[in-house]
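Please open the structure in your viewer and keep the sequence panel visible beside it. The tour below proceeds by selection: at each stop, select what is named and then read what is there.

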Amino acid sequence: MSTATDTRHMARALQLAAHGLTTTSPNPRVGCVLVRDDRVVGKGWHERAGAGHAEVQALAAAGPAARGATAYVTLEPCSHHGRTPPCAEALIAAGVARVVAAMQDPNPRVAGRGLERLRTAGIAVDCGVLEAEARALNPGFISRMERGRPWLRVKLAMSLDGRTALASGESQWITAAPARADVQRWRARACAVLTGVGTVLADDPALDVRLPGTWRQPLRVVVDTQLRTPPQARLFTRPGRVLIVTASERDPAALRAAGAEVVRLPAAAAGIDLVALCAELARRECNEVHVECGARLAGGLLGAGLLDEVLLYVAPLLLGDGAHGLFHLPGLLRMDQRIALEALDQRMVGRDWRLLLRPRRAAAAAGMGYGATIAGAAAP
């Protein structure tokens, strides 16, 4: 049975896990605190794939003091050999007396086996302490394991009258510098940044992360049904991988020469099969996907029920009646077809408002308990 003490130590473990917000992919963000006689004797978090897991880091910090301690870990200790040995075995070897996990690992290779291995070894086990907060920290990893697709978050910037660009297509810049810097942090936590070829042709974005100390660039993905991406695009002038997803049979040699990987996926009525696209990104171990695109692709993802969150920046500007809108949703003809959004977070970023929203029908269908947020998780 969990106690207030368990909650307090697990909250600290979750704060540690959030240190890996931009670095752990494709692995989950995990933190661990070792406590003996109500004193923290070791702590750690998973820093990056291939490095020691949170439990191993905490055990190394504790040394002999780990014997008889309670381990608070934000995700069930793994029980299989991956890039590193099983953490359940490390905890058993260190002689911990009790393990408290925030949640069971949704990875089918673990899925309760780690907790069972600990129980078999005579270690007391509790699970479910601050589970909602733990799930909120790893929406992409959980989505990929439970739904077979990444967690898609679309970033949009609009004027006060709901416009994303002037009638001419000019859109730089609607938001001020602090909001644009904030977007960089959201890109940094994603495994992939997704856009459409229309955005590439109109804005020529680089879509990279330009934060000090950045060592990992997300995969940049362009949905390009007819293979119109110019080989001279800025995408190819920045470090990191570029993936062009197409349905075209045209020769992609020029794009491959520019550095792109080109993958053909099935076509759909409005372009690429978006469900197949999500499956392809999951196959590439993408957890969170940050989407920066135009109204057509944004509307297609929303209409298909594939958008999980909307990150919306609202600038105190007016762009006029002829300007472009947020989503292309031609099928909405009656009020009972409207798409309701739930506001998860609202704050000022410089002069602009930032809203984090979730389509209610998607949240209800997923039933995945992502409502909770913690510092550094839903709001970097």
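A residue is called exposed when its relative accessible area is over 50%, buried when that value is under 20%, and partly exposed in between. The model shown is a predicted one.

**First stop: a nonpolar patch**

Select Leu318. Its relative accessibility is 65%, so Leu318 counts as exposed. The residue sits in the loop that runs between strand E14 (309-315) and strand E15 (341-349). Now add Leu160, Met348 and Trp353 to the selection: together with Leu318 they make up a nonpolar patch on the surface, with a combined accessible area of about 440 Å².

**Second stop: an annotated site**

Select His53, Cys78 and Cys87. An unreviewed UniProt entry gives these three residues the feature "binding site". They span 35 residues in sequence, yet no two of their C-alpha atoms are more than 9.3 Å apart, so they gather at one spot.

Is Cys78 buried or exposed? Because its relative accessibility is 8%, Cys78 counts as buried. Cys78 is found in the loop between strand E3 (70-73) and helix H3 (87-94). Apart from neighbours within four places in sequence, the contacts of Cys78 include His53 and Cys87, and also Pro85, Pro86, Ala88 and Val110.

Move next to Cys87, which belongs to helix H3. Its relative accessibility is 0%, and therefore Cys87 counts as buried. Which residues touch Cys87, once neighbours within four places in sequence are left aside? They are His53, Glu55, Val56, Pro77 and Cys78.

**Third stop: strand E3 and its partners**

Select strand E3. In a regular strand the side chains alternate between the two faces of the sheet. In E3, Thr70 and Tyr72 point one way, while Ala71 and Val73 point the other way, and all are buried.

Add strand E1 (residues 31-36) to the view. Four bridges join E1 to E3, and the two strands run antiparallel. To see one of these pairings, select Val33, whose bridge partner in E3 is Tyr72. Then add strand E4 (residues 98-101), which is joined to E3 by four bridges and runs parallel to E3. Here, Thr70 has Arg98 in E4 as its bridge partner.

**Fourth stop: a buried arginine**

Select Arg149, which lies in the loop between helix H6 (139-147) and strand E6 (151-159). With a relative accessible area of 11%, Arg149 is buried. What surrounds Arg149, leaving aside neighbours within four places in sequence? The residues in contact with Arg149 are Ser143, Arg144, Cys278, Ala282, Gly305, Leu306 and Asp308. For a sense of scale, select Ala206 as well: Arg149 and Ala206 are 57 residues apart in sequence, and their C-alpha atoms are 25 Å apart in space.

**Fifth stop: salt bridges**

Side chains of opposite charge can pair when their charged atoms come close. In this model the count of salt bridges comes to 26.

Select Glu89 and Arg117. These two residues form a salt bridge in which the closest N and O atoms are 2.7 Å apart. The pair links distant parts of the chain, since Glu89 is in helix H3 and Arg117 is in helix H4 (residues 113-120), 28 residues apart. Glu89 is partly exposed, at 35% relative accessible area, and Arg117 is partly exposed, at 31%.

Select Arg135 and Glu146 next. In this salt bridge the closest N and O atoms are 3.1 Å apart. Arg135 is in helix H5 (residues 131-137) and Glu146 is in helix H6, 11 residues apart. Arg135 counts as buried, at 11% relative accessibility, whereas Glu146 is partly exposed, at 43% relative accessible area.

Now select Asp182 and Arg185, a salt bridge with its closest N and O atoms 3.2 Å apart. Because they are three residues apart in helix H7 (residues 177-189), Asp182 and Arg185 are separated by about one helical turn. Asp182 is buried, with a relative accessible area of 3%, while Arg185 counts as partly exposed, at 35% relative accessibility.

For the final view, select Arg29, Arg153, Arg189, Glu288, Glu309 and Arg358. These residues are linked in a network of salt bridges.

Terms used
Residues numbered from 1 in each chain as written. Predicted model: local features only at pLDDT ≥ 70, side-chain atom pairs only at ≥ 80, totals over all residues. Heavy atoms only, no water. Patch = residues over 30% accessible without salt bridge, like charges linked within 9 Å, V, L, I, M, F, W, Y side chains within 5 Å. Areas by Shrake-Rupley, 256 points an atom, 1.4 Å probe, with all protein chains shown as cover. Salt bridge = Lys/Arg side-chain N within 4 Å of Asp/Glu carboxyl O. Buried < 20%, exposed > 50% of the residue type's maximum accessible area, 1.4 Å probe, protein only. UniProt positions renumbered as here; feature names shortened; annotations may be inferred. Contact = heavy atoms within 4.5 Å. Pairing = 2+ DSSP bridges.
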